[in-house]
Amino acid sequence: MSDFLPTKPYKGTRDFYPEDMHLQKWMFNTLRQSIETFGYEEYDGPMLESFELYAAKTGEEIVENQLYWFTDRGDRKLALRPEMTPTMARMVAARANELPKPIRWYSIPNLWRYERPQRGRLREHWQLNVDLLGGDPLLADYEIIQLTQKILKDLGGQGKAKTLINNRRLINYFFSEALTLDAPTALKASKAVDARAKIGEEKYQIWLDEIGITQNQSQKIENFFNATFEEIKSEYPCEGTQELIQLFALIENNENLSPFCQFDPKIMRGLDYYTGMIFEVYDQSPDNNRSMFGGGRYDNLVGLFGKESISGVGFGMGDVTLKNFCETYKLFPDFGRTLDVYVTLTEESHKTYMHKVADLLRNLPSQPLKVATALTASKFGQQLKTADKLKAKFVAIIGEDEIQKQCVSLKNLLTGDQTQVKLEDLEKVNFNL
Ligand code: HAM
């Protein structure tokens, strides 16, 4: 055992070095801009919540196997948030009467789940949450589906991932009417189906056996999963099917949306609170097989807090799969040179002038620049190397001549061009390369 502390972060978490932050900031800024075009407003809540908040509706898999929880010094049982939806529902319920409806909210919280780290799944991730509460459920469902593809388009990945849609009321109808399962068994069967891709065929079959699903019922499940939308319409006439028909009628009228949306009876969603339309978004690349977005309609979440019950619909989209997506399709821009100017110092006695130049550049009225100064006086060649490593676009060179003329020599590090500029003329220089 080494005496030194490890430099590796805790398993399943990531360190974000500045180069990683460039990617994250670009993704999050793009998401924010995209969602705000639909009039959504950002909110946030605490990282810690009471354990009960998740025990109520989040679902067995997360609560029993993935939740990070502890008791605090006051003996309260708390959990690190594994998802944002319960916090959002709690916040909406707390102001249910005052908040103007419909409520269009989004957030990008970081979340914790004790998972087996693998491609697309970690123990800490950031998750864009978009939720729409109130209004006509059909129009709200449609807007949320529209947003999934709008976001992908704004990231530059239009058509690279599909929105696969199903409906919980249809699934419930199938389990109760076609399979004649009682509600608890139906829930267990839906969990097995949801986990199928993750656990493989053998474990899936064992799971079904354990629940008590017969061969005949298992065959019916297969038929249901392989059914086309036309077959579903005729064989499973129910409220859920009606909702899907109406939703797809709207989607089909939008030629920018319909090629990227599809009915998929295999979509189950692992969380317990969904009651109506549900969906997941899947990247078309076989390298990225985990879902990118997951969401749906929940009728009874806000009502859990004893306030006015208000139905909502929304989704979560994780940053891990999003980053894989952006890398696979080369969507990240070249962040290039991120510092505008590096101001050099070759003589101790030039310090005051160096600071004057830097402040001027940082406060240019037309273009406030990102400016770093040398912290030790050294030879010019060395400073030039430092500026290059810091990815500066320009180096501001200061010498006796510049101080005397009240100017600065600006060297463009990309072209190597150098010009002397009077301090009062700095405003006119174009620093954008
Ligand atoms: P979820 O399906 O559990 O839904 O997660 C949504 C998305 O978050 C996933 O599709 C995935 O991109 C990402 N994600 C989940 N777990 C992990 C993980 N361990 N590592 C990396 N990424 C992960 C929810 O959480 C719902 N609360 C979403 C929602 C909002 N429903 C309605 N409103």
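Let's start with E143, which sits in helix α5. Keep in mind that this is a predicted model. Is E143 buried or exposed? It is buried, because its relative accessible area is 11% and the cut-off for buried is under 20%. Its side chain has a partner: a polar contact of 2.8 Å runs to the side chain of R104.

Now the helix around it. Helix α5 covers residues 137–154, 18 residues in total. At 1.5 Å a residue we should get a span of 26 Å. The C-alpha atoms at its ends are 25 Å apart, so the value agrees with the expected one.

E143 has buried company on α5. The buried residues are A140, D141, Y142, E143, I144, I145, L147, T148, Q149, I151 and L152. As background, an α-helix has 3.6 residues a turn, so residues three or four places apart point the same way.

What about the ends of α5? The N-terminal end is capped by D136. A side-chain oxygen of D136 lies 3.0 Å from the backbone nitrogen of L138. On the other side, just after α5, comes G156, with a positive phi of about 95°.

One more link to α5. Take I151, which is on the buried list. The C-alpha atoms of I151 and T30 are separated by 8.1 Å, with their positions 121 residues apart along the chain. T30 lies in helix α1, residues 18–36. T30 is itself buried, because its relative accessible area is 11%.

Next, the ligand. Which residues come nearest to it? They are E83, T85, L122, Q127 and Y274, out of 26 residues around the ligand. By class, that shell holds nine nonpolar, eleven polar and six charged residues.

Three distances are worth having on the board. A polar side-chain atom of E83 is 2.5 Å from a ligand nitrogen. For F315, a polar backbone atom lies 3.4 Å from a nitrogen atom of the ligand. For G318, a backbone N or O atom is 3.0 Å from a ligand oxygen.

How much of the ligand does the protein bury? Taken alone, the ligand exposes 660 Å², and the protein buries 97% of that. Several elements give two or more residues to the shell: β7 (124–133), β11 (293–298), β12 (312–318) and α12 (319–328).

Step back to the whole chain. The domain assignment gives domain 1 as 18–328 and domain 2 as 339–428. Over C-alpha atoms, the centres of the two domains are 51 Å apart.

Here is a long distance to set beside the T30 pair. K57 and P286 are 229 residues apart along the chain, and their C-alpha atoms are separated by 32 Å. K57 lies in helix α2, residues 51–57. K57 counts as partly exposed, because its relative accessible area is 25%.

Now S409. It is in strand β16, residues 407–412. S409 counts as buried because its relative accessibility is 4%. Its side chain makes a polar contact of 2.5 Å with the side chain of E402.

Last topic: backbone geometry. Most residues other than glycine have a negative phi, and most peptide bonds are trans. Here are the exceptions I want to show.

Where is the cis peptide bond I have in mind? It joins K101 and P102, with omega about -5°. P102 is in the loop between α4 (85–94) and β5 (103–107).

Then two positive phi values at residues that are not glycine. D75 has a phi of about 70°. D75 is found in the loop between β3 (69–71) and β4 (77–80). D75 counts as exposed because its relative accessibility is 66%.

Q406 takes a positive phi of about 50°. Its loop runs between α15 (400–405) and β16. Q406 is partly exposed, because its relative accessible area is 32%.

To recap, and then over to you. E143 in α5 is buried and contacts R104. The protein buries 97% of the ligand's 660 Å². K101 and P102 share a cis peptide bond.

How values were computed:
Residues numbered from 1 in each chain as written. Predicted model: local features only at pLDDT ≥ 70, side-chain atom pairs only at ≥ 80, totals over all residues. Heavy atoms only, no water. Near = heavy atom within 4 Å. Polar contact = N/O pair within 3.5 Å; in protein donor to acceptor, adjacent residues only side chain to side chain. Areas by Shrake-Rupley, 256 points an atom, 1.4 Å probe, with all protein chains shown as cover. Helix = DSSP H or I, 4+ residues; strand = E, 2+ residues; numbered from the N terminus. Nonpolar A, V, L, I, M, F, W, Y, C, P; charged D, E, K, R; others polar. Expected span 1.5 Å × (residues − 1). Buried < 20%, exposed > 50% of the residue type's maximum accessible area, 1.4 Å probe, protein only. Domains from an automatic or database assignment.
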